[in-house]
Amino acid sequence: MTINKIIIALLSIVCVHYSCAHKSGHDKNNHSCQFSNHEIKSVSTNTLNDHNGRNKLDGPRVFTKYNTAVFMIFTSDKYNIYQGSGFFINPNGLAVSNYHIFKGTKIGKEGIKLAGCNKIHKVTEVIKSSENEDFILFRINISNTNFIPLAKHKPSVGEKVYAIGSPRGLENTFSSGEVSQWRDKNLMQISALIDHGSSGGALINEYGEAVGITSGSFADGSQANLNYAWSIDVIKPYVDAATFK
């Protein structure tokens with residue numbers, strides 16, 4: 001049985017039993033899986049502005065605007081199937097996730113499921129990956145996708161952040177919190193709730209910009225809501241070259 005058939009079978013039982021614990025509406029056509037520039041820009045913002053004139057978004061607007069930019073990932077090492085999350089950072093299939101979701105698996109054999117669409121896509125190119133900073137920058141052969149622009153600045157401790165991912169296979173779950181602390185140059189502690197399967201999902205600031213890649217919790221079973229995400233800065237040195245390739 002191919003991984004595509006396995007993934008479709010898993011989706012039929014809501015995928016609630018799968019995690020990304022590596023060694024750690026129904027559409028009738030494909031057009032509904034892609035989004036026009038008009039649709040992407042049509043979501044209005046609220047009227048709160050920062051001192052630089054940027055519009056702030058509340059939680060519902062963040063989710064409405066970027067829900068379809070986040071997707072589920074299924075990978076396999078031939079023995080087990082793992083599930084994680086990822087998100088687009090440009091309209092031409094450029095995407096990012098956690099390295100650990102793909103570790104020990106074969107590129108091209110994974111399944112990428114867009115929100116609200118059962119068609120399975122494949123990774124066509126890996127631009128850059130890092131085990132140390134737990135990211136993988138890759139391309140999917142799809143165009144005109146919704147995407148989350150990258151933040152120019154790191155968020156400060158106390159700033160509001162929103163996470164979108166698929167914990168335990170629960171597709172595109174939304175949570176909110178704050179940046180609790182910076183634990184390293186590019187590693188932030190956050191209070192936004194995440195779980196197995198959230199790994200690789202988007203961490204978004206109040207201005208609708210991707211500030212991080214959600215990665216996990218500091219300790220399983222902890223009641224202190226200790227979660228972490230890698231700063232989006234880890235991929236920035238490789239994005240420009242990939243965008244114009």
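# Exercises on a predicted model

Asn67 is buried, with a relative accessible area of 19%. The model behind these exercises is predicted.

**Exercise 1. Place Asn67 in the fold and decide which residues it touches.**

Step 1. Find the segment. Asn67 sits in the loop between α3 (59-66) and β1 (70-76).

Step 2. Check the burial. The cut-off for buried is under 20% relative accessible area. Asn67 has 19%, so it counts as buried.

Step 3. List the contacts, leaving out residues up to four places away in sequence. Asn67 touches Val62, Ala115, Ile164 and Asn172.

**Exercise 2. Work out which side of α3 is buried and what it packs against.**

Step 1. Pick out the buried residues of α3. They are Gly59, Val62 and Tyr66.

Step 2. Look down the axis. These residues cover an arc of only 60°, which puts them on the same side of α3.

Step 3. Recall the helix rule. An α-helix has 3.6 residues a turn, so residues three or four places apart point the same way.

Step 4. Turn to the other side of α3. Pro60 and Thr64 are exposed there.

Step 5. Name the packing partners. The buried residues of α3 pack against β1, β8, β9 and β11.

Step 6. Add the direction. α3 lies across β8 (160-165), β9 (173-184) and β11, and runs at about 40° to β8.

Step 7. Inspect the N-terminal end of α3. Asp58 caps it, with a side-chain oxygen 3.1 Å from the backbone nitrogen of Arg61.

**Exercise 3. Trace the strand order of the barrel and describe one of its pairs.**

Step 1. Follow the strands round. Six of them close into a barrel in the order β8-β9-β10-β13-β12-β11, with antiparallel pairing. From one strand to the next, the twist averages 45°.

Step 2. Take β11 (residues 202-205) and β12 (residues 210-217). They pair in the antiparallel sense over three bridges.

Step 3. Fix the register. Leu203 has Gly212 in β12 as its bridge partner.

**Exercise 4. Describe the hairpin of β6 and β7, and find a salt bridge between the two strands.**

Step 1. Count the bridges. β6 (residues 123-130) and β7 (residues 135-140) pair in the antiparallel sense over six bridges.

Step 2. Set the register. Val123 stands opposite Ile140 in β7.

Step 3. Look at the turn. Four residues lie between the strands, and Asp134 in the turn has a positive phi of about 50°.

Step 4. Search for the charged pair. The side chains of Glu125 and Arg139 meet in a salt bridge, at 3.2 Å from N to O. Glu125 is in β6 and Arg139 in β7, 14 residues apart.

Step 5. Check Arg139. Its relative accessibility is 15%, so it counts as buried.

**Exercise 5. Compare the surroundings of two salt bridges: Lys103 with Glu131, and Glu171 with Lys113.**

Step 1. Start with the total. The model has nine salt bridges.

Step 2. Take Lys103 and Glu131. Their side chains meet at 2.6 Å, N to O. Lys103 is in the loop between α4 (99-102) and β4 (111-114), Glu131 in the loop between β6 and β7, 28 residues apart.

Step 3. Judge exposure. Lys103 is partly exposed at 31%, and Glu131 is partly exposed at 46%.

Step 4. Take Glu171 and Lys113. Their closest N and O atoms are 2.7 Å apart. Glu171 lies in the loop between β8 and β9, Lys113 in strand β4, 58 residues apart.

Step 5. Judge exposure again. Glu171 is partly exposed at 33%, whereas Lys113 is buried at 4%.

How values were computed:
Residues are numbered from 1 along each chain as its sequence is written. This is a predicted model: local features need pLDDT of at least 70, side-chain atom pairs count only at pLDDT 80 or more; totals for chains, interfaces and linings use all residues. Side-chain values use heavy atoms; hydrogens and water are left out. Buried means under 20% relative accessible area, exposed over 50%, partly exposed in between (1.4 Å probe, protein chains only). Contact means heavy atoms within 4.5 Å. Two strands pair if DSSP finds at least two bridges between them. Axes are lines fitted to C-alpha atoms, for helices over the stretch in contact, and angles run from 0 to 180 degrees between N-to-C directions. The arc is that of the directions from the helix axis to the C-beta atoms. A polar contact is a pair of N or O atoms within 3.5 Å; within protein, one must be able to donate a hydrogen and the other to accept it, and residues adjacent in sequence count only if both atoms are side-chain atoms. A salt bridge is a side-chain nitrogen of Lys or Arg within 4 Å of a carboxyl oxygen of Asp or Glu.
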